[in-house]
Amino acid sequence: MKINEKKDSVRQAVERILDNYLETNKHRKTPERYAILNAVYSTEGHFTLDELGAKLSQDYKFPVSRATLYNTLNLFMELRLVIRHRFQGTTKYEACYEGENHCHQICTVCGKVTEVKAPEITEAINQLHLKRFRKDGFTLYIYGICSSCQGAITRKSKRVLAP
C-alpha cells in the first residue's frame with residue numbers, strides 16, 4: 001500500500017470512529033471536530049495546542065477557539081485517536097491510531113524530543129504479563145543530553161579551563 005493510500009485509509013478509519021461515537025452519544029457532527037481531526041492526522045509527529053490552532057487557521061482557513069481545540073483533543077484522547085505527552089513542562093499531542101507503541105528521547109538541556117525505534121523494548125513489553133490489566137500500548141521517555149547540547153557543554157568547559 002502506498003503512503004498516501006495508507007494515510008487516506010487511516011483518516012477514513014478515524015473518521016468512522018468519530019462518526020460512530022457522535023451518533024451513539026447523540027452529539028452533533030460539527031465541521032470543527034472534523035477539521036481538527038484532519039489537521040491532527042495530517043501533522044507529522046508532536047504538536048502543541050497553539051501549533052494545531054495555527055495550522056487550522058493557516059492551512060485550512062478554519063480558525064477555532066482555544067477552548068474548542070482543548071475540548072476536542074480531550075474527546076480524541078478519550079477515543080484513543082490522540083495521545084498527550086508532557087515533555088519538560090510542555091504539553092504536546094500526537095495522532096495515535098496506529099503505532100501507539102514508541103519511545104522518545106528527551107534532551108534535558110534544550111528539550112528536543114526525538115522518537116527512537118526500539119524493537120527490543122517493544123517485544124519485551126509485548127511479552128510482559130500483567131495481572132488483572134490489559135495493555136493497550138505504551139510510550140517510554142528516555143531523558144539525557146543530546147549530542148548538540150553535549151558538544152556545547154564540552155566547548156564551554158574547554159573555554160573555561162583554557163589558560
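User: Why does T72 count as buried?

Analyst: In this predicted model, T72 has a relative accessibility of 6%. A residue is called buried under 20%, so T72, at 6%, counts as buried. T72 lies in helix 4. Leaving aside its neighbours within four places in sequence, T72 is in contact with R33 and I36.

User: What makes Y21 a buried residue?

Analyst: The relative accessible area of Y21 is 19%. The limit for a buried residue is under 20%, and therefore Y21 is classed as buried. Its place is in helix 1.

User: Which residues does Y21 touch, not counting residues up to four places away in sequence?

Analyst: Y21 touches H27, L75, E78 and L79 on that basis. As for L140, Y21 is separated from this residue by 119 residues in sequence and by 29 Å in space, C-alpha to C-alpha.

User: Which residues have the most contacts inside the largest nonpolar core, and which elements supply it?

Analyst: The largest nonpolar core has 26 residues, and those with the most contacts inside it are L18, I36, V40, L52, L56, L73 and F76. Two or more residues each are given by helix 1 (3–24), helix 2 (31–41), helix 3 (49–59) and helix 4 (66–78). Helix 2 provides the largest share, seven residues. As for F76, the residues that it touches, not counting those up to four places away in sequence, are L18, R33, I36, L37, L81 and V82.

User: Why is helix 2 described as roughly perpendicular to helix 3?

Analyst: Two packed helices are described by the angle between their axes and the distance between the axes. Here the axes of helix 2 and helix 3 come within 10 Å and cross at roughly 110 degrees. Angles of 65 to 115 degrees count as roughly perpendicular, which means that helix 2 is roughly perpendicular to helix 3. On the side of helix 2 the contact is made by A35, I36, A39 and V40, and on the side of helix 3 by L52, K55 and L56.

User: How do you know that strand 1 and strand 2 pair?

Analyst: Six bridges link strand 1 (residues 82–87) and strand 2 (residues 90–95), in the antiparallel sense. Pairing requires at least two bridges, so these two strands qualify. One of the bridges joins R84 to Y93 in strand 2. The two strands form a hairpin with two residues between them, and Q88 takes a positive phi near 45 degrees there.

User: What makes the pairing in the sheet with the order 4-3-5 mixed?

Analyst: This is an open sheet of three strands with mixed pairing. Its edge strands, each of which pairs on one side only, are strand 4 (113–116) and strand 5 (139–144). On average, neighbouring strands of this sheet are turned by 30 degrees against each other, direction ignored. Strand 3 (residues 102–107) and strand 5 run parallel, joined by six bridges, whereas strand 3 and strand 4 pair in the antiparallel sense over four bridges. The sheet thus contains a parallel pair and an antiparallel pair.

User: Which residues are the bridge partners of H104 and C107 in strand 5, and which residue stands opposite I106 in strand 4?

Analyst: In strand 5, H104 has Y141 as its bridge partner, and C107 has G144. In strand 4, V113 stands opposite I106. Strand 3 and strand 4 form a hairpin with five residues between them, and G111 in the turn has a positive phi of about 85 degrees.

User: Why is strand 3 called mostly covered?

Analyst: Five of the six residues of strand 3 are buried. As a separate example of the rule, C107 has 3% relative accessibility; the limit is under 20%, so C107 counts as buried.

User: Why do C107 and C110 not form a disulfide?

Analyst: The closest cysteine sulfur to that of C107 is in C110, at 3.7 Å. A disulfide requires sulfur atoms within 2.5 Å, so this distance is too far for a bond.

User: What is found for C146, and how many disulfides are counted?

Analyst: For C146, the closest cysteine sulfur is in C149, at 3.6 Å. Set against the limit of 2.5 Å, this is likewise too far for a bond. The count of disulfides comes to zero.

Terms used
Residues are numbered from 1 along each chain as its sequence is written. This is a predicted model: local features need pLDDT of at least 70, side-chain atom pairs count only at pLDDT 80 or more; totals for chains, interfaces and linings use all residues. Side-chain values use heavy atoms; hydrogens and water are left out. Axes are lines fitted to C-alpha atoms, for helices over the stretch in contact, and angles run from 0 to 180 degrees between N-to-C directions. Buried means under 20% relative accessible area, exposed over 50%, partly exposed in between (1.4 Å probe, protein chains only). A nonpolar core is a set of buried Ala, Val, Leu, Ile, Met, Phe, Trp, Tyr and Cys residues joined through side-chain atoms within 4.5 Å. Contact means heavy atoms within 4.5 Å. Angles under 35 degrees count as roughly parallel, over 145 as roughly antiparallel, 65 to 115 as roughly perpendicular and the rest as oblique.
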